[in-house]
Amino acid sequence: MPPLITIERHIIEQQRQHPEATGTFTQILQDMALAAKIIAREARRAGLINILGSTDSVNASGEVQQKLDIFADQTIFKMNDHTGRLCVMASEEHEDILPIPPQFPCGRYALVFDPLDGSGNPDVNASIGTIFAMFRKVSFGARGDLSDVLQAGREIAAAGYIVYGPSTMMVYSTGQGVHGFTLDSSLGEFILSHPNMQIAPSPRYYGTNHGNERYWTLGVRKYVDWLQAKEEPQRKPLDARYMGALVADFHRILLKGGVYLYPGNLQNPAQPSGKLRLIYECAPLAYLIEQAGGYASDGLGNILDIQPHTLHQRVPLFIGDKTLVQQAERFIQAHDAEWIASYRAMREAVR
Ligand code: F6P
Ligand code: MN
């Protein structure tokens with residue numbers, strides 16, 4: 001019988017490859033796995049215990065918060081606030097950084113998370129997710145500050161996501177490949193199901209919100225036409241899939257190959273840089289896709305190289321198959337000079 005590799009065992013075995021490791025890192029990942037199990041349980045029961053639907057509060061990005069968002073946010077915070085492993089946290093649901101409460105000690109890592117991605121989906125019993133990343137503490141003070149979470153994706157020490165679908169999966173990387181685990185709910189354990197994940201080599205799908213098409217720049221339009229092979233009848237078009245939950249859309253692209261895009265747009269003043277957040281969504285997934293042999297770009301260059309200047313900064317996202325993402329960059333370079341200039345100016349302005 002092949003060994004049953006739980007996520008705990010996998011994380012510990014990865015840690016052994018680094019004799020200098022203290023185990024702190026390992027324990028944070030295990031805490032995230034436990035938080036994931038709690039959120040998965042709540043998401044499953046959500047319809048039953050009537051916690052679905054909106055609350056009156058609005059999150060830092062101006063979206064109406066769902067009750068499950070609050071539950072997931074608090075679960076992750078409380079799982080990590082007292083352990084002495086973190087110096088600060090930041091959540092997509094909060095305007096400002098989340099300091100470690102003064103009664104608890106601080107540690108050497110910072111945690112950023114999108115607690116419940118795709119927050120419209122629970123109402124229709126569709127997949128949702130959690131995204132997270134860890135950075136090493138860079139601030140000098142004892143308790144951590146904004147600089148610990150305003151780090152470029154290149155500095156990520158570990159990242160992962162959880163997708164709550166027909167089954168719950170946790171996918172993580174500490175820079176030694178990407179590994180996927182499926183929750184066996186009878187055991188209550190995440191079991192290694194997808195070791196050493198690499199993006200599928202032949203692209204099958206593209207994912208984007210076509211409702212925004214009228215706002216797209218010429219380069220993006222021409223790129224999507226190219227994905228659909230509109231002008232090349234001999235080439236097979238990619239099929240379109242869109243779940244409306246970045247984690248679920250990304251997971252499909254990783255497993256089946258292809259590209260996900262949420263472009264920026266100047267004609268829609270609400271979304272000049274797209275919708276997705278650099279720190280909580282784009283950088284962690286960019287780190288994972290690079291580990292899986294793919295690439296993530298904002299249309300101009302590597303997402304991992306973007307230095308964030310504000311916590312809720314948004315960036316356009318093109319992520320997945322390296323060749324397809326590079327092709328998006330080519331279309332944008334060729335057709336979107338005006339957009340490029342404005343986007344660059346916007347990025348400078350938030351410095
Ligand atoms: O977190 C933002 C988010 O909910 C993503 O999960 C999702 O991919 C995206 O928004 C959907 O945006 P839209 O409704 O504009 O397609
Ligand atoms: Mn999200």
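Start at strand β10: there, Ile191 is the bridge partner of Thr182. A word of caution before I go on: this is a predicted model.

Stay with these two strands. β9 and β10 run antiparallel, and 5 bridges join them. β10 covers residues 189-194. Another facing pair is Asp184 and Glu189, with Glu189 on the β10 side. The hairpin between them has 4 residues between the strands. In that hairpin, Gly188 takes a positive phi near 70°.

Now step back one strand. β8, residues 168-173, is joined to β9, residues 179-184, by 4 bridges. This pair is antiparallel too. Met170 stands opposite Phe181, which sits in β9. Here the hairpin has 5 residues between the strands. Gly175 is the residue with the positive phi in this one, near 95°.

Where do these strands belong? They are part of an open sheet of 8 strands. The order runs β4-β3-β5-β6-β7-β8-β9-β10, and the pairing is mixed. So which strands form the edges, by the rule that each pairs on one side only? They are β4, residues 98-99, and β10.

Keep β5 in mind from that order, and let's move to the metal.

Which residues give the protein donors of the manganese ion, ligand 2? Asp114 and Asp117 each donate through OD, and Glu281 donates through OE. The donors lie 2.0 to 2.2 Å from the ion. Along the sequence, the spacing reads D-x2-D-x163-E. That brings together distant parts of the chain: Asp117 is in strand β5, residues 109-117, while Glu281 is in helix α6, residues 278-291. The two are 164 residues apart.

Are these two buried or exposed? Asp117 counts as buried because its relative accessibility is 4%, under the 20% cut-off. Glu281 is buried as well, at 2%.

Next, the helix that carries Glu281. Of the 14 residues of α6, 12 are buried, so the helix is largely enclosed by the rest of the structure. Among the buried ones are Leu278, Tyr280, Glu281, Cys282, Pro284 and Tyr287. Just after α6 comes Gly293, with a positive phi of about 85°.

Last stop, ligand 1. Its surroundings include Asp117 and Glu281, the residues we just met at the manganese ion. Also around ligand 1 are Gly118, Asn209, Tyr242, Gly244, Ala245, Leu246, Tyr260, Tyr262, Lys275 and Arg277. By character, that shell divides into 5 nonpolar, 3 polar and 4 charged residues.

What about polar side-chain atoms and the oxygen atoms of ligand 1? Asn209 has one lying 2.8 Å from such an oxygen. For Glu281 the distance is 2.7 Å. In Tyr262, a side-chain N or O atom is 2.5 Å from an oxygen atom of ligand 1. And how much of ligand 1 does the protein bury? Taken alone, ligand 1 exposes 390 Å², and the protein buries 83% of that.

To wrap up, follow Glu281. Glu281 is in helix α6. Glu281 is a donor to the manganese ion. And a polar side-chain atom of Glu281 lies 2.7 Å from an oxygen atom of ligand 1.

Methods:
Residues numbered from 1 in each chain as written. Chains lettered and ligands numbered in written order. Predicted model: local features only at pLDDT ≥ 70, side-chain atom pairs only at ≥ 80, totals over all residues. Heavy atoms only, no water. Donors = N, O, S within 2.8 Å, 3.2 Å for Na, K, Ca; no water. Buried < 20%, exposed > 50% of the residue type's maximum accessible area, 1.4 Å probe, protein only. Near = heavy atom within 4 Å. Polar contact = N/O pair within 3.5 Å; in protein donor to acceptor, adjacent residues only side chain to side chain. Areas by Shrake-Rupley, 256 points an atom, 1.4 Å probe, with all protein chains shown as cover. Nonpolar A, V, L, I, M, F, W, Y, C, P; charged D, E, K, R; others polar. Pairing = 2+ DSSP bridges.
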